[in-house]
Amino acid sequence: MTKMTRYTLILALALSAACGTAVAQTTYPATGVVKKIDTAKGTVTLAHDPIKSLKWPAMTMDFRVRDKASLATLKPDQKIEFELIEEKKGSYVISRIK
Ligand SMILES: [Cu+2]
């Protein structure tokens, strides 16, 4: 992380703490292999590796993506890095696909 990014982040955190609305959201990085893509529903089935930050073992499961358009570039058997956020208590969505 560059100095500038860190500063911006701290500023963003300070601002969100100040107004108390936007809470900084934790992202959970993960990796996995694409099994199935459902662009209509906005879901992707992934065989994901263990996600240490969530204490999840490796498994195959469906994920919703926050941005359906991000599914357009995915192909079965593709290995991806992605990030999860907890959208609601206990409900995780993919916020980013790399
Ligand atoms: Cu899982």
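Me: Before anything else, when are two residues in contact here?
Reply: Two residues are in contact if their C-beta atoms, placed from the backbone, lie within 7 Å. Of the contacts in the protein with a separation of 6 or more, 42% are accounted for by residues 24 or more positions apart.

Me: And what kind of model is it, and how are residues numbered?
Reply: This is a predicted model, in which local features need pLDDT of at least 70 and side-chain atom pairs count only at pLDDT 80 or more, whereas totals for chains, interfaces and linings use all residues. Residues are numbered from 1 along each chain as its sequence is written.

Me: OK, which elements are there, and in what order?
Reply: The protein has 1 helix and 5 strands, running α-β-β-β-β-β from the N terminus on. Helices (H or I, at least four residues) and strands (E, at least two) are DSSP runs, numbered from the N terminus.

Me: What does E5 pair with?
Reply: Strands pair if DSSP finds at least two bridges between them. Strand E5 (residues 91-97) is joined to E3 (residues 59-65) by 2 bridges in a parallel arrangement, with Val65 opposite Ile94, while 6 bridges join E5 to E4 (residues 79-88) in an antiparallel one, where Glu83 has Arg96 as its bridge partner.

Me: What sits in the E4-E5 hairpin?
Reply: That hairpin has 2 residues between the strands, and Gly90 takes a positive phi near 80° there.

Me: Switching to Phe63, is that residue buried, exposed or partly exposed?
Reply: Phe63, which is found in strand E3, is partly exposed because 18 other C-beta atoms lie within 10 Å. The cut-offs are 20 or more other C-beta atoms within 10 Å for buried, 12 or fewer for exposed, and partly exposed in between, with C-beta atoms placed from the backbone. Buried residues make up 10% of the 98 residues in the protein.

Me: What does Phe63 touch?
Reply: Not counting residues up to four places away in sequence, Phe63 touches Thr43, Val44, Leu46, Val93 and Ile94. The C-alpha atoms of Phe63 and Ile94 are separated by 6.7 Å, although the two residues are 31 apart along the chain.

Me: Which residues other than glycine have a positive phi?
Reply: Among them are Lys55, with a phi of about 60°, and Asp77, with a phi near 75°. Most residues other than glycine have a negative phi.

Me: Where are those two?
Reply: Lys55 is in the loop between E2 (43-48) and E3, and Asp77 is in the loop between E3 and E4. Lys55 is exposed, having 7 other C-beta atoms within 10 Å, and Asp77 counts as exposed with 8 C-beta neighbours inside 10 Å.
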